[in-house]
Amino acid sequence: MAGHNERLSDSMEFPPPTPQPNVYPLSWHSHTRKLQEVWEASLRENWDPEKLPWDTLDVDSYTWEEREAIAYWWTLLSVFDASAPPVFAEALIKTYEVHEEDPVRKCFFSVTRDEQNHEIMCGLAITRMLGHPDPLSYQPKTDLGRRLQKNAKWLYFNGGRYWSGYKQAVPKYDLAVLFSSFLMGEIAAATIFKQMYDNSREAVFKEGFKNIGRDEGRHMAICMAVMERDYPRMGPENRAIVTKQIRAGYLFLSAVLFEPPMDFWDLPKDFIANQREAEEVARGAGFGIPSYEAKKENWRRAILNLKGVLDTYHIPFPAIPEVGVTGEEVSDTAMEDIIPVF
Ligand SMILES: [Fe+2]
Ligand SMILES: [Fe+2]
């Protein structure tokens, strides 16, 4: 490390240029007005999951099966939302490394904060419903609870494989590519939380869904604004990657928005039956998980929305025959290829 103590300032009037990419931009350019507006909205709409009316939740009014079934849904959501803070934190670092304009950096900071709120919300709901802060080490009280814990362990295992792939993907891809994957998650998230809000009767959950849904709407607006800025000049190579990532996003996010495709998710044979049983119990207890048909329709609509956006930029859309959407054939997608987040 000879160069380390060398005093350049003794021999030069100005320092040499800083090698790039350098993690910090010393500039605050602002070109995209819409992003500044979303940032300001995120400050106005800030909320604290711990301040929701938790005292109105009487867990003893639920049976243990109902408690375990509802906690299972929050656990399933956590597989996506508990990974979101580090996922967006990584993307936030990238916005600094590539010296993104100031409102993009601010927006990514807000998404990271929001996603941590969502994860905190999951934790509060699970801890209350189970009387234990960790669904994997919890002692199940019912037979359904035992089968759901097995489901949760498999979900956790699958989600873990996604993180290592994501970490490799972030430096490799342009922000523009990352955004298309994010958008997929955000469109879908905004719709599911609206449905959960409409169909749930427990006040504290309703309040949480309302706030999360509003956050997701802002995340969607961020993605749209950056796409509008960058997509018109996107090269053909990136366009092809976007098509592939949309298909990957469908496979990944289906686990929470629809049902996990079994050739992509490594899950036991009884997984879906257990999950359906839990959803039935949770619905019976006034917890608004949409029915199979409603989920499918919701997911199909979200995908068609996204297709509408990508069509504007002439980006080929992948075939998603599972929900009746035609397009370009994309095969051989693995968990390691996944960028999307929720
Ligand atoms: Fe979220
Ligand atoms: Fe989000």
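Mentor: Axes here are lines fitted to C-alpha atoms, for helices over the stretch in contact, and angles between their N-to-C directions run from 0 to 180 degrees. What you have above is a predicted model, where local features need pLDDT of at least 70 and side-chain atom pairs count only at pLDDT 80 or more, while totals for chains, interfaces and linings use all residues. Residues are numbered from 1 along each chain as its sequence is written, with chains lettered from A and ligands numbered from 1 in the order in which they are written.

Trainee: OK, let's start with helices. Why are H2 and H5 called roughly parallel?

Mentor: Helices are DSSP runs (H or I, at least four residues), numbered from the N terminus. The axes of H2 (residues 64-81) and H5 cross at roughly 5° and come within 10 Å. Angles under 35 degrees count as roughly parallel, over 145 as roughly antiparallel, 65 to 115 as roughly perpendicular and the rest as oblique. So H2 and H5 end up roughly parallel.

Trainee: And which residues of H2 and H5 meet?

Mentor: Trp64, Glu65, Glu68, Ala69, Tyr72, Thr75, Leu76 and Val79 do it for H2, facing Leu144, Gly145, Leu148, Ala152, Leu155, Tyr156 and Gly159 of H5. Contact means that the C-beta atoms, placed from the backbone, lie within 7 Å. By class that contact has ten nonpolar, three polar and two charged residues. Ala, Val, Leu, Ile, Met, Phe, Trp, Tyr, Cys and Pro count as nonpolar, Asp, Glu, Lys and Arg as charged, and the others, Gly among them, as polar.

Trainee: H2 also packs on H4. What makes H2 and H4 roughly antiparallel?

Mentor: Their axes come within 9 Å and cross at roughly 160°. Put that angle against the cut-off for antiparallel and H2 and H4 are therefore roughly antiparallel to each other. On the H2 side the contact uses Arg67, Ile70, Ala71, Trp74, Thr75, Leu77, Ser78 and Asp81, and on the H4 side Glu115, His118, Glu119, Cys122, Ala125, Ile126, Met129 and Leu130. The classes here are nine nonpolar, three polar and four charged.

Trainee: How do you know that H1 is roughly antiparallel to H7?

Mentor: H1 (residues 33-44) and H7 (residues 203-230) pack at about 165°, with axes 9 Å apart. That angle makes H1 roughly antiparallel to H7. Lys34, Leu35, Val38, Ala41 and Ser42 of H1 make the contact with Arg218, Ala221, Ile222 and Ala225 of H7. Sort those residues and you get six nonpolar, one polar and two charged.

Trainee: On to single residues. Why is Trp299 called buried?

Mentor: A residue is buried with 20 or more other C-beta atoms within 10 Å of its own, exposed with 12 or fewer, and partly exposed in between. Trp299 has 24, so buried is the word. Trp299 sits in helix H10. Leaving out residues up to four places away in sequence, Trp299 touches Ala188, Leu257, Phe258 and Val323. Leu257 is 42 residues away along the chain, yet the two C-alpha atoms are separated by 6.7 Å.

Trainee: Ala188 rings a bell. Which residues have the most contacts inside the largest nonpolar core?

Mentor: Ala188 is one of them, along with Trp73 and Leu183, in a core of 84 residues. Helix H6 (residues 175-199) supplies the largest share, 13 residues. A nonpolar core is a set of buried Ala, Val, Leu, Ile, Met, Phe, Trp, Tyr and Cys residues joined through C-beta atoms within 7 Å. Trp73, setting aside neighbours within four places in sequence, is in contact with Ala282, Phe287 and Ile289.

Trainee: What makes His314 exposed?

Mentor: His314 has 10 other C-beta atoms within 10 Å, so it falls in the exposed class. His314 lies in the segment after helix H10 (292-312).

Trainee: What is the phi of His314?

Mentor: About 55°, a positive value although His314 is not a glycine. Most residues other than glycine have a negative phi. His99 also has a positive phi of about 55° and is not a glycine either. You'll find His99 in the loop between H3 (84-97) and H4 (102-130).

Trainee: Why does His99 count as partly exposed?

Mentor: His99 has 17 C-beta neighbours inside 10 Å, so it lands in the in-between class. Gly131, with 14, is partly exposed too. Gly131 belongs to the loop between H4 and H5 (143-172). From Gly131 to Val59 is 72 residues in sequence and 9.2 Å in space, C-alpha to C-alpha.

Definitions and conventions: Helices (H or I, at least four residues) and strands (E, at least two) are DSSP runs, numbered from the N terminus. Two residues are in contact if their C-beta atoms, placed from the backbone, lie within 7 Å.
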